[in-house]
Structures are given as C-alpha cells and as structure tokens.
Amino acid sequence: MMVKIAIMGYGVVGSGVGEVLRVHIDSIARRAKEEIRIKYILDLRDFPDSPFADRFVKDFDIILNDPEVQIVAEVMGGLHPAFEYVKACLENGKSVVTSNKELVAAKGAELLAIAQKNNLNFLFEASVGGGIPIIRPISQCLAANDVIGIAGILNGTTNFILTKMIREQMTFEDALALAQKLGYAERNPAADIEGHDACRKICILASLAFGRHVYPGQVHTEGIENLTLADVDYAESWGGVIKLIGRVKMLESGKIQIICCPMFIDRESQLANVDDVFNGILVRGDATGDVVFYGKGAGKLPTASAVVADIIDCVKHIKARKYLFWEDGSPDYVEDYLEDVLPMYVRATAENASVALGTADALFGGVQQLSRKDAPRNELAFVTKEMKEKDIREKLEQLSRMGVKVETTVRVADL
C-alpha cells in the first residue's frame, strides 16, 4: 500500500520535507504503516539537481485534479495563493498539512470547518514553534486540564537579538545585522522584529486552547525595535531580562486577554533562560500547573520534521478525522489590553531627574526606582505598582505635560 502526496513550495522548509521523507523512508513507512511517496512538488522554479527533479510541476491544477494525491503539504508561506490552494484541496477530498502560521492565524477557523465537513484533516503542528511539539500536546495531552493561560517566547530571531543585547551589550542594530548575516533574520525583518510573527503564533495557540478563533488584528502587538541597551541594563537592575512575549489568559467573564510585546521577566522565571534562537512556551493548566515546551523554534529540519509528523498522522487517519477544531471568533471576545492590571517599567528624561522622580512617585502612589552605571544625569527609570494599564497611561500623560519625556515603557510580566 502506498500513499501519494504533493508538496507545495520548495524553499527552505519544502526542501527539508523532501529530505526528511527521502532519508527516513523506511522508519517513516514503519510508523505510518504505509509507504509515503512524493508524486508532485509545486514550484515556479526548476531544480534539475534535486533528487526529485522529475516530480516538479508549475500548475496547481495538476495536483488538484489527481485523485491519487491524498495529502498535500503546503509550505509556500504567505496568505495568497496558499489560502486558495489549501481551500481547493480540502474541498476536493485532500487532507492538508501546513507550516504556514500566517494562513492558520488568518483563516484557521474557516479551513478547519471545511476539513470537518469533508471528513478530512487540516494539521499545522509546524506553524508554531517549528520543531517543538505544542499543537498536539495542547489538543491531546493537556485535554483534561482547563488551560488558564499560555505565555511564550515564540520568535527565534527576536530572541537571538535580545540575547546578544543582554549578554554582549550589542546594540539592537548590530544584533539585527548579525542575525541577518547568520541567516536567522530575513533581509526585510519587519515580521519578526515588529512582533507580527509571534502575534500569529499566540493567536493559533489561543484559538486551540480556548476553542474560538482569535484574529491577529484583535491583538495589541509591539516589537523590539525601540528597545535600547539602557532598557536591558535597567531590566537587570530590576532583577530580570527583557523578552518578546506572546501571552493569553482566560478571564472569568469568558473573554480572553491577549497581547504580544516585550516584557520584563523575573530571573527566576522558566522563560528567563530561554536564549538565542530557542523558543519556550509555558502552558498554565488548572491541574498540571506550569508545563514548559522548549526547543529550536525554526530552522529547516526541525520545522520539516514537524510537517512530516503531521503527514504521518494524516496517513494514519485517512478515513477518520483527528479532533482538532475551533469555532469562529467574534469582535467582543478579546478584552481591551488597556484593562489589564500589571506593573510597568518606565524610562524617561527630564531637566531635573530627581524632581521628576519625586513627581512620578507622588503620582503613582510610590514607584520602585531603578539605576544603571553611567546613566545620563537627565535620565530616570522606575517600575510602577500594579494597576490598570489605562490608568498608568493617563498618569504618564500627566508627567509628559509637566515636561517629563517618556522614552520607553515595557510591561512587567508575572510568569
């Protein structure tokens, strides 16, 4: 018995999927209890030196109209034409696996509904955390728990940059240039450094954990591009590090609070030591407490191995669906982030820093002053008490009107 599949896209991940299937052909056949054969690879380019050179096609309809192809791996990335192709495959009796977080974050609910209607699978383990298994554990292993919240370092590029800033006092610009040189960051790194990539991943995890789709547009997102070495130093004097965190928690009202932004993390937190291109995802369950998933979040073979694991799962469930589903979301499902209660780190400049600090102390009902070596005389930094973010923002407005210039604010996490 043989199952025939198609791969759409032959970039880093697509070529990795081909390599994993070719090199591990025997062990994969044993695990899947079938031989898996790549019948087509869709790409606009030619690859005469590839071991699959004879299987390349440039026309999607060849794959769509071939009844022998039962499973399609979409590793093209981007929203279009990936969405149209995946939708057409599911409507034409083909299960789909994907590593495309943009697709799952934007269209997951719709594609899962089509898969369910047609008794097919739409699997996306590789869309979050690359090679770290996280989708399966949340949907299966932690199913007996009520997940209370999830917080994660979900983007290897930004984590690498922050690690260089923290450990080697490298400026943001230099660390980004190094990440690009080493191939960790794209030529246009906006999706990573502005937080969009991590935002898509926390949306997928939130949708899965709580059963309703969360759209990236509903999530307040900030990147790391405005952080400086001064902020890194102040985080250290506070007792922690800065990490880009995607976080979601369930509220008693049945709404969720979700955000993606840099945060101060206490040195004792399990996420504080997740460094370089590694990802760490902390799942807080009511019965298990904190469970942490850790590993390389990106890279050719880790991501490809997650795609292949989903292909094997599809082969095992050809006539049966795996239970993976969430309903569509709604505009009122996500609580305004300004309603969240937390402390905030503030770095500011003022003509007279000590007077400004006294004013801030009075305004906030007490602040924790932070210091760093060689700070300019006009600089002040402090952490507020816990209060609603909108109240913090109002008080910072008042400070601004008194001539104190707020340079940076970073939320303080309780992880």
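Two strands pair if DSSP finds at least two bridges between them. The exercises below apply this and similar rules to a predicted model.

**Exercise 1. Strand β2 and its partners**

Task: Determine which strands pair with β2, in which sense, and how far β2 is covered.

Solution.
Step 1. Take strand β1 (residues 2-8): 7 bridges join β1 to β2, and the sense is parallel. Within this pairing, M2 has E35 of β2 as its bridge partner.
Step 2. Take strand β3 (residues 56-57), which is joined to β2 by 2 bridges and also runs parallel to β2. The cut-off is at least two bridges, and β2 and β3 have 2. Here L42 stands opposite V57 in β3.
Step 3. Check the cover of β2 (residues 35-42): 6 of its 8 residues are buried, and the strand is mostly covered.

**Exercise 2. Two aromatic pairs**

Task: Classify the ring pairs Y10 with F47 and F364 with F382, then place each ring in the chain and state its burial.

Solution.
Step 1. A pair of aromatic rings is described by the distance of the centres and the angle of the planes. The model has 12 aromatic pairs.
Step 2. For Y10 and F47, the centres are 4.8 Å apart and the planes stand at 70°, so the pair is edge-to-face. The cut-off for that class is over 60 degrees.
Step 3. Y10 sits in the loop between β1 and α1, and F47 in the loop between β2 and β3; the pair thus links distant parts of the chain, 37 residues apart.
Step 4. Because its relative accessibility is 9%, Y10 counts as buried. F47 has 22% relative accessibility and therefore counts as partly exposed. The limit for buried is under 20%.
Step 5. For F364 and F382, the ring centres are 5.9 Å apart and the planes are at 55°, so this pair is tilted.
Step 6. F364 belongs to helix α13 (residues 353-364) and F382 to strand β16 (residues 379-383), so the pair ties together parts that are 18 residues apart in sequence.
Step 7. F364 is buried, with a relative accessible area of 4%, and F382 counts as buried at 0% relative accessibility.

**Exercise 3. A cluster and two charges over rings**

Task: Which residues form one aromatic cluster, and over which rings do the charged ends of K107 and R212 sit?

Solution.
Step 1. The cluster consists of Y234, W238, F264 and Y345.
Step 2. K107 places its charged end over the ring of F83, 4.6 Å from the ring centre.
Step 3. R212 does so over the ring of Y333, with its charged end 4.3 Å from the centre.

**Exercise 4. The pockets**

Task: Describe the largest pocket and the second largest pocket by volume, lining and residue class.

Solution.
Step 1. The largest pocket holds about 1,200 Å³ of space. It is lined by 40 residues, of which V13, K101, E186, D197 and A298 are the closest to its centre.
Step 2. The elements that give two or more residues to this lining are α1 (12-23), α5 (101-117), α7 (156-168), α9 (190-193), α10 (196-210) and α12.
Step 3. By class, the lining of the largest pocket has 12 nonpolar, 17 polar and 11 charged residues.
Step 4. The second largest pocket has a volume of about 330 Å³. Of its 19 lining residues, R247, K249, R284, D414 and L415 are the closest to the centre.
Step 5. At least two lining residues of the second largest pocket come from each of β7 (147-153), β9 (240-250), β11 (278-285) and β13 (341-342).
Step 6. This lining divides into 12 nonpolar, 1 polar and 6 charged residues.

**Exercise 5. The cavities**

Task: How many cavities of 30 Å³ or more does the model contain, and what lines the largest and the second largest?

Solution.
Step 1. The count is 3 cavities.
Step 2. The largest cavity holds about 80 Å³ of space. Its lining includes L123, F124, R136, D310 and Y323.
Step 3. The largest share of this lining, 4 residues, comes from α6. By class the lining has 5 nonpolar, 2 polar and 5 charged residues.
Step 4. The second largest cavity holds about 40 Å³ and is lined by R247, Q257, I259, Y337, D340, L342, E389 and R411.
Step 5. These residues divide into 3 nonpolar, 1 polar and 4 charged.
Step 6. R247 lines the second largest cavity and is also one of the residues closest to the centre of the second largest pocket.

Note on methods: Residues are numbered from 1 along each chain as its sequence is written. This is a predicted model: local features need pLDDT of at least 70, side-chain atom pairs count only at pLDDT 80 or more; totals for chains, interfaces and linings use all residues. Side-chain values use heavy atoms; hydrogens and water are left out. On a 1 Å grid over the protein atoms alone, a cavity is a set of points where a 1.4 Å probe fits but cannot get out, and a pocket is an open set with protein on both sides within 12 Å along at least five of seven lines; lining residues have an atom within 4 Å of a point. Grid points are joined across faces, edges and corners, and a volume is the space filled by probe spheres set on the points. Ala, Val, Leu, Ile, Met, Phe, Trp, Tyr, Cys and Pro count as nonpolar, Asp, Glu, Lys and Arg as charged, and the others, Gly among them, as polar. Buried means under 20% relative accessible area, exposed over 50%, partly exposed in between (1.4 Å probe, protein chains only). Rings of Phe, Tyr and Trp (its six-membered ring) pair if their centres lie within 6.5 Å; planes under 30 degrees apart count as stacked, over 60 as edge-to-face and the rest as tilted. A charge sits over a ring if NZ of Lys or CZ of Arg is within 6 Å of the ring centre and within 35 degrees of the ring normal.
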